Amino acid sequence: MLSHSRLPLFPRFAVFWFILMSAFLAPAFSPQAGQLATFLEKVQPSELFEGADRFGAPVGEPPIAPVMRGEEVLGYAYLNSDVTSSVGYSGKPIQIVVGIDRQGVLRGLKLVAHKEPIVLIGIPEAKVVASLNAFIGRDMGKVAAGAERPPQADIVSGATVTVLVMGDSVVRSAVQLIRSGRLAGDGTAAAAATAEIRKLDTSKTGTADWQTLVGDGSVRSLRLTVGEVSDAFRQAGQPAAADHPETRKPEDRFIDLYVAPVSVPFIGRSILGDSGYERLASRLKPGQSAIVVAGDGTYSFKGSGYVRGGIFDRIELLQNGQGLRFRDRDHVRLPVLAAAGAPRLREIALFVIPEQFAFDVTSPFELQLLVQRNAGGRDKAVMPYNLGYTLPDSYVTIEKAPPAQVAPPAPTPQAAPAGEAAPLSPIASEQPLWVKMWQMNAVSITITAVALLVLTAIFFFQDWLVKRPVLFAWVRRGYLLFTLVWLGWYANAQLSVVNVFTFFNALISGFSWEFFLSAPLIFILWGAVAASLLFWGRGPFCGWLCPFGALQELTNTVAKWLKVPQITLPWGLHERLWPIKYMIFLGLFGLSLYSVALAEVYAEVEPFKTAIILKFVRDWPFVVFAVALLIAGLFIERFYCRYLCPLGAALAIPGRIRMFEWLKRWPECGSPCQRCAKECPVQSIHPEGQINVNECIYCMHCQELYHDDHRCPHMIQVRLKREKFMALSTPSSRGEAPGKTRVTHNGEPIAPASGAGANPN
């Protein structure tokens, strides 16, 4: 019963109005450049440099301002958003004034402006700023030279994207300024004078035993005891993790971890043997490298993540600010090490480094080990340990770089003419933040994609499922539980009306995919919602993918099981309460045109942040509001969804353009039969029988009734006629083989008719 529906006049007008307003308002929201002077008024010089008393005049483009103590220049101040992208999840830049000295050391940071919703109300701003203050005192000159990896801000739960954007913009902007040569005394000239070229020397032949390889640094090791790891957790403020050691004896070996680059011929032949090295060399492409990682002790560097998702999530290869997590396709398990005197180790892995990762075996690199421990209940604590490696000089040839090979300072970035793309910065070729976010969340992305495929299958095979009510009930409750626990509480993938304001604001102020892609699960869910609007309307999200909606339905299911009385509002009152959520949405949308930040504050009418993102760990007024809505939902199923949800209203408007009607109805529906209307969990079926798809959550209860020949009057009549026909007819008149058993619509057997005309055989 699929039918193509025409696009109504109102949605077509709304789309036209939306495009027209976007074009009209775009110039008013065009981004500004060089805003340092404006934001310096909000910063005291001493907040960036101790003892500083004034700022000099900003110079250059992007502007940097000298930070003075009397007549002495201590360093420079700049605005991160003037130098590099700092767009947060709100779609607006997170603006931080950074103090950096002439040697490239960060001396101070001041968050001066942002519109991040999770920080505006919810997570204290001081907590986010504290995670960023770990950058103060870090030498970004070494990062720019590739001698150190970029510092990482401590992740703040619930504000991951915001913190990562802040840290990424500070690092990128500092590196870009250092490489531009605009900071006097940054060591660029000295680095050029002493620049060296390290080349791998492949002429070294022969092999060495294990002790020699370890002694000369060809193999590097990290050795930890259980007690040392416990002490580290305790010093890091994780006493719960410290109290959950792997063994009872602190002196027990936690891990002995070894790493060596076996693509270096001498090291490879020593560790792999001649035949093993030849097999590896035939696999490697020119310039490609491979390493061996081996370990022994109570802790596994492999873990079990590579079994579930193909990713080794406990180790990461780090070089020049880039990180690589190995996958199972890069891995070969080795039974033993070929070097004479090598210990017998529990785990030995050969990893081939993918070509996409620009790895230089002659440059320093690190293998980071992530130690995971139970911190009580389901909580996990993580402690990183870095095993550094530098290829010994005996394996390389070192040459003085000729002047032509020393990279000159990058030119000062110039503002691009209007309508033209700005030139790429020296750091532009580095991996964008959103790519890192997708790599970090590869397992979660896979789980979400599979869940969406399962939901699609549920919809496409809905007729088969709803004919089996018991199975369908378990499928639906199981999916809602997954949505609440994993998608909501674990992955924090709760969509919000704030996302709608962010998207619209991005359209009229300079659209960029980068900040939308920085939250992979949110991006994927919005893509799925957009597609589902064309097929089914808002129902798939509201009824299946909204964690707070799932929480309401599951708690109401428990309430019904406990015999909590259910309230059914009179149809007239119920219908007049529907518009409330549309008025809330329109009010918030109009407010967002004036101030997105203010709209985000009033968007707290959504309890999503309190109940799902922050898990009720919040100031008591927000908790009371969310709990009150859930309590109301115990008596009126999905009370919030029905009458107050602005996101549901926002999705209902474009949902009217759906192309198909997949919910089937009989001519008797509504007149005289009212069963579906009375049993609809959210009262989205009119007394006349038609389904209001703007209010439907696609629970498919009406479709269960549609196929049930014991509850649906139409199907009851069909069943009675069939049974009467079966009773009055004979197998031969029905064209059946003698003795063949017939079954009813619900699979119940009917014995062959007896009496006159019946076949005794």
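Author: Buried means under 20% relative accessible area. Keep that cut-off at hand. This model is predicted.

Reader: Why is cysteine 546 called buried?

Author: Its relative accessibility is 7%. The limit for buried is under 20%. Cysteine 546 therefore counts as buried.

Reader: Why does cysteine 546 form no disulfide with cysteine 641?

Author: The sulfur of cysteine 641 is the closest cysteine sulfur, 6.0 Å from that of cysteine 546. A disulfide needs the two sulfur atoms within 2.5 Å. The gap is too far for a bond.

Reader: What about cysteine 669: what separates it from a bond with cysteine 676?

Author: Distance again. The sulfur atoms of cysteine 669 and cysteine 676 are 5.3 Å apart. The limit is 2.5 Å, so this pair is too far for a bond. Cysteine 669 is also buried, at 15% relative accessibility.

Reader: How many disulfides does the structure hold?

Author: Zero.

Reader: Is histidine 686 buried or exposed, and what makes it so?

Author: Histidine 686 has 13% relative accessibility. Buried means under 20%. Histidine 686 is therefore buried.

Reader: Where is histidine 686, and what does it touch?

Author: Histidine 686 lies in the loop between helix H31 (675–679) and helix H32 (701–707). Residues up to four places away in sequence are not counted here; histidine 686 then touches Trp571, Glu575, Trp578, Ala677 and Asn692.

Reader: Why is aspartate 139 called partly exposed?

Author: Its relative accessible area is 22%. Buried ends at 20% and exposed starts over 50%; partly exposed is in between. So aspartate 139 is partly exposed.

Reader: What does aspartate 139 contact, and where does it lie?

Author: Aspartate 139 lies in the loop between helix H6 (125–132) and helix H7 (140–145). Leaving aside neighbours within four places in sequence, it is in contact with Gln103, Gly104, Val105 and Glu148. Take glycine 104. It is 35 residues from aspartate 139 in sequence, yet 5.8 Å away in space, C-alpha to C-alpha.

Reader: How far is the side chain of aspartate 139 from the backbone nitrogen of glycine 141, and what makes that a polar contact?

Author: The distance is 2.9 Å. A polar contact asks for N or O atoms within 3.5 Å, one able to donate a hydrogen and the other to accept it. The 2.9 Å is within that limit.

Reader: What makes aspartate 463 and lysine 664 a salt bridge?

Author: Their closest N and O atoms are 2.6 Å apart. The limit is within 4 Å. So the pair is a salt bridge. The two are 201 residues apart: aspartate 463 in helix H17 (residues 462–466), lysine 664 in the loop between helix H30 (646–655) and H31. This links distant parts of the chain.

Reader: How do you know whether each partner is buried or partly exposed?

Author: Aspartate 463 has 25% relative accessibility, so it counts as partly exposed. Lysine 664 has 17%, so it counts as buried.

Reader: Which residues do salt bridges with shared partners join into one network?

Author: Asp231, Arg234 and Asp243.

Reader: What makes glutamate 278 and arginine 269 a salt bridge?

Author: Their N to O distance is 2.7 Å, and the limit is within 4 Å. Glutamate 278 is partly exposed at 42%. Arginine 269 is partly exposed at 25%.

Reader: How do arginine 69 and glutamate 72 meet?

Author: Their side chains meet in a salt bridge, 3.3 Å from N to O. Arginine 69 is partly exposed at 36%. Glutamate 72 is partly exposed at 41%.

Reader: How many salt bridges does a search of the whole structure find?

Author: The search finds 23.

Reader: Which residues make the nonpolar surface patch of about 450 Å²?

Author: Phe460, Phe461, Trp464 and Leu471. Take leucine 471, in helix H18 (residues 469–490). Patch residues need over 30% relative accessible area. Leucine 471 has 37%, so it counts as partly exposed and clears that bar.

Reader: What does the whole chain come to?

Author: The chain has 33 helices and 18 strands. Buried residues make up 49% of its 761 residues. The chain exposes about 36,500 Å², with 60% supplied by carbon and sulfur atoms. Among contacts between residues at least 6 apart in sequence, 70% join residues at least 24 apart.

Technical notes:
Residues are numbered from 1 along each chain as its sequence is written. This is a predicted model: local features need pLDDT of at least 70, side-chain atom pairs count only at pLDDT 80 or more; totals for chains, interfaces and linings use all residues. Side-chain values use heavy atoms; hydrogens and water are left out. Patches are made of residues with over 30% relative accessible area and no salt bridge: like charges are joined within 9 Å, nonpolar side chains (Val, Leu, Ile, Met, Phe, Trp, Tyr) within 5 Å. Accessible areas come from the Shrake-Rupley method with a 1.4 Å probe; for residues, only the protein chains shown count as cover. Helices (H or I, at least four residues) and strands (E, at least two) are DSSP runs, numbered from the N terminus. Buried means under 20% relative accessible area, exposed over 50%, partly exposed in between (1.4 Å probe, protein chains only). Contact means heavy atoms within 4.5 Å.
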